Amino acid sequence: MHRYARTRLGAAEAEDVVAEVFAIAWRKGEVPDDPRAWLLAIARRVLANQVRAERRRTALAERTLRHPRAPGPDDAHLVDELDILHRALALLRPADREVVELLAAAELSTAEIAHVLGCTTASAATRVYRARRRLRAAYRTVTEGQET
């Protein structure tokens with residue numbers, strides 16, 4: 001197995017192929033009358049999978065090099081915006097912060113928030129409305145530099 005894999009790959013990759021071949025053979029359980037040919041067939045498929053994976057990695061690397069994303073002026077603005085948002089969230093009461101986090105981070109609907117909070121959907125909708133309103137006020141406070 002190792003010699004077969006070594007003819008197509010480097011030493012470390014060949015060892016990985018051999019390990020994978022025997023792991024597959026062990027999972028299958030039944031060994032046919034001609035195990036050598038059977039193992040070589042498995043090795044051939046494992047090698048093909050590795051070659052395809054390497055081609056995908058190479059193609060991705062080439063695409064990344066052809067189309068690099070240059071840092072732009074918006075990136076610094078986004079970092080500043082995120083900092084402002086974190087400071088505004090810190091001004092909220094824990095209950096309001098939890099509702100905002102469930103909405104934004106967990107991407108839950110109002111009905112799902114109601115289930116998490118153990119209340120009715122109408123009550124959750126009211127809490128969402130109030131939390132959003134308080135977050136807007138806290139955001140204005142932070143951006144105006146009047147943090148309290």
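**Salt bridges and the α5–α7 contact**

In this predicted model, Glu20 and Arg27 form a salt bridge, with 3.9 Å between the closest N and O atoms. The cut-off for such a pair is 4 Å between a side-chain nitrogen of Lys or Arg and a carboxyl oxygen of Asp or Glu, and the pairing of Glu20 with Arg27 is accepted at 3.9 Å. The two partners fall into separate accessibility classes. Glu20 is partly exposed, at a relative accessible area of 35%. Arg27 is exposed, at 56%, because the exposed class begins over 50%.

Salt bridges were searched for across the whole structure, and the search returned 5. Side chains of opposite charge can pair when their charged atoms come close. Another of these pairs joins Glu54 to Arg57, with the closest N and O atoms 2.9 Å apart. Both residues lie in helix α3, which spans residues 35-66. They are 3 residues apart, so about one helical turn separates Glu54 from Arg57. Glu54 is partly exposed, at 41% relative accessibility. Arg57 is also partly exposed, at 49%.

A further salt bridge links the side chains of Arg93 and Asp96, at 3.7 Å from N to O. Here the partners again fall into separate classes. Arg93 is partly exposed, with a relative accessibility of 48%. Asp96 is buried, at 4%, because the buried class covers values under 20%. The pairing extends to a third residue: Arg93, Asp96 and Arg134 are connected in a network of salt bridges.

Asp96 and Arg134 also take part in a helix contact, Asp96 from α5 and Arg134 from α7. Two packed helices are described by the angle between their axes and the distance between the axes. Helix α5 covers residues 94-104, and helix α7 covers residues 121-143. Their axes come within 9 Å and cross at roughly 100 degrees. Angles of 65 to 115 degrees count as roughly perpendicular, and α5 and α7 are therefore roughly perpendicular to each other.

On the α5 side, the contact is made by Ala95, Asp96, Val99, Val100 and Leu103. On the α7 side, the contributors are Arg127, Val128, Ala131, Arg132, Arg134 and Leu135. Sorted by class, the contact of α5 with α7 comprises 7 nonpolar and 4 charged residues, with no polar ones.

Which residues of α5 are buried? They are Asp96, Val99, Val100, Leu102 and Leu103. Viewed down the axis of α5, the buried residues occupy an arc of 160 degrees, so they line one face of the helix. Among them, Asp96, Val99, Val100 and Leu103 also belong to the contact with α7.

Glu98 is likewise located in α5. Its relative accessible area is 36%, and Glu98 is thus classed as partly exposed. Glu98 was also compared in position with Glu20. The two residues are 78 residues apart along the chain, and their C-alpha atoms are separated by 46 Å.

A second long-range separation was computed from Gly10. Gly10 sits in the loop between α1 (2-6) and α2 (11-28). It is partly exposed, at 28% relative accessible area. Gly10 and Ala114 are separated by 104 residues in sequence. In space, the distance from C-alpha to C-alpha is 57 Å.

Terms used
Residues numbered from 1 in each chain as written. Predicted model: local features only at pLDDT ≥ 70, side-chain atom pairs only at ≥ 80, totals over all residues. Heavy atoms only, no water. Axes fitted to C-alpha atoms, helices over the stretch in contact; angles between N-to-C directions. Helix = DSSP H or I, 4+ residues; strand = E, 2+ residues; numbered from the N terminus. Parallel < 35°, antiparallel > 145°, perpendicular 65-115°, else oblique. Contact = heavy atoms within 4.5 Å. Nonpolar A, V, L, I, M, F, W, Y, C, P; charged D, E, K, R; others polar. Buried < 20%, exposed > 50% of the residue type's maximum accessible area, 1.4 Å probe, protein only. Arc of directions from axis to C-beta.
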